[in-house]
Amino acid sequence: MRVTRTTLADDRELIYFDDDPVYVSGEKTRELRDSRELAPAKTVSEMRRDPLTGQWYAYAAHRMNRTFMPPANENPLAPTRPGELPTEIPADDYNVAVFENRFPSLSMHMDFQEDFATRVDGEELYPRLPAKGRCEVVCFTPDVELSFRDLPFRRARTVVEAWAHRTRELSELPGVRYVYPFENRGAEIGVTLQHPHGQIYAYPYLPPRAKEIATQAAAHRQETGEDLFDSVLRAEQRSGRRIVAAGEHFTAFVPAAAKWPVEVMLIPHRAAPDFAALSDEEKDELTRMYLDLLQRFDRFFDGVDRTPYIASWNQAPIGPERAHGRLHLQLFSMMRSADKMKFLAGSESGQGAWISDTTPERIADRLREVAQD
């Protein structure tokens, strides 16, 4: 794989990840010059802490005007082709491309005055901070008609390598506490660009799920002397009831307390904190198993070719909680039948009290049933 960096017209970073032999060898190179005239990237995002829950929320008013369902000839994630409007990617083709989001929730492109108010209205109860972090877009393929599940193994493996590369570098940014790669697929869950892509957020705080996992893992270690992830794996292996697929390095299973209508977890057998810590053999197996799970998702509902989903790649925190995290995928869909979505209403949205419309065992049965021979 070859990594090539450049800077877009507004000073945001763009990185090409190439597996095509003619680019890996240097025989050909990608276009690095962004021909657009853009003002320097500047955003003003802030965070405020809710005193009732202790959680931080980000506020990014500039995102109100972000690109929404553009026509085909204005796809900002497509390559820049002759005679067409220039896009975020100046090359006329690419394998995998990663760039800083033009409308980020978190950014390092911020100039805050020294007298920035660290309290809302001067109240000690309401801490306020600049939302310094980074949001990146990961373009899986130049072909707008494809989905991740359609990628050949080599290209999907390049995406995994890009995740590892970006995890390593983003983890070193000052103030970053958590690096989170994810993909949203489907208009049903609010995707605003139909081009196959994912994102990576580098948070300056621990998001609630990451914080809860670290807290539970630390308590489990204190009480039992064991790693929580190892305990979960052993419990699922003893039962076998919810295991969907098992490899040498990874196991995929529906969690015993799964809450989504369709959900599966993919977890490494060893305590790998993040993508950057995986060996080449582990990355190979992860790629194959991930492609298999995505294909099963798209066969889950009869008559549905593309099940809307969120692919949530959890990684270990950066900082004192790092020992209490492990890389794992939480792949889930809000679709509960071929023509219905699960809406998060009063109990789920108002209190976070989940009520499932199925059982983890039924989900596992169906995911095994739709395995491709």
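## Close-ups of a predicted model

**View 1. Helix H3 in the wall of the largest cavity.** Helix H3 (residues 208-224) supplies three residues to the lining of the largest cavity, the largest share from any element. Keep in mind that this is a predicted model. The cavity holds about 50 Å³ of space. Going round its wall, you'll meet Tyr178, Ala210, Ile213, Ala214, Phe229, Asn314, Gln315, Pro317, His324, Gly325, Arg326 and His328. Sorted by class, that's six nonpolar, five polar and one charged residue.

**View 2. The second largest cavity, with about 40 Å³ of space.** Here the lining is made of Ala217, Arg221, Glu226, Asp227, Leu228, Phe229, Ala323 and His324. H3 turns up again, and together with helix H4 (228-239) makes up the elements that give two or more residues to this lining. The class split is four nonpolar, one polar and three charged residues. Phe229 and His324 may ring a bell: they line the second largest cavity and also appear in the lining of the largest one. In total, the structure has three cavities of 30 Å³ or more.

**View 3. The largest pocket, at about 1,600 Å³.** A total of 41 residues line this pocket, and if you want to find its centre, look for Pro208, Arg209, Glu212, Lys259 and Gln330, the closest ones to it. Several elements give two or more residues to the lining: strand E4 (56-59), strand E8 (178-185), H3, H4, strand E12 (262-268), strand E13 (309-314) and strand E14 (328-333). H3 gives the largest share, with six residues. As for chemistry, the lining divides into 25 nonpolar, nine polar and seven charged residues.

**View 4. Helix H2 packed against helix H5.** H2 (residues 153-170) and H5 (residues 280-297) pack at an angle of about 120 degrees, and their axes are 9 Å apart. The two helices therefore count as oblique to each other. H2 goes past H5 in a right-handed crossing. On the H2 side, the contact is made by Phe153, Ala156, Arg157, Val160, Glu161, Trp163 and Ala164. H5 answers with Asp280, Lys283, Asp284, Leu286, Thr287, Arg288, Tyr290 and Leu291. Put the two sides together and the contact has eight nonpolar, one polar and six charged residues.

Definitions and conventions:
Residues are numbered from 1 along each chain as its sequence is written. This is a predicted model: local features need pLDDT of at least 70, side-chain atom pairs count only at pLDDT 80 or more; totals for chains, interfaces and linings use all residues. Side-chain values use heavy atoms; hydrogens and water are left out. Axes are lines fitted to C-alpha atoms, for helices over the stretch in contact, and angles run from 0 to 180 degrees between N-to-C directions. Helices (H or I, at least four residues) and strands (E, at least two) are DSSP runs, numbered from the N terminus. Angles under 35 degrees count as roughly parallel, over 145 as roughly antiparallel, 65 to 115 as roughly perpendicular and the rest as oblique. A crossing is left-handed if the near helix is turned anticlockwise from the far one by less than a right angle, and right-handed if clockwise. Contact means heavy atoms within 4.5 Å. Ala, Val, Leu, Ile, Met, Phe, Trp, Tyr, Cys and Pro count as nonpolar, Asp, Glu, Lys and Arg as charged, and the others, Gly among them, as polar. On a 1 Å grid over the protein atoms alone, a cavity is a set of points where a 1.4 Å probe fits but cannot get out, and a pocket is an open set with protein on both sides within 12 Å along at least five of seven lines; lining residues have an atom within 4 Å of a point. Grid points are joined across faces, edges and corners, and a volume is the space filled by probe spheres set on the points.
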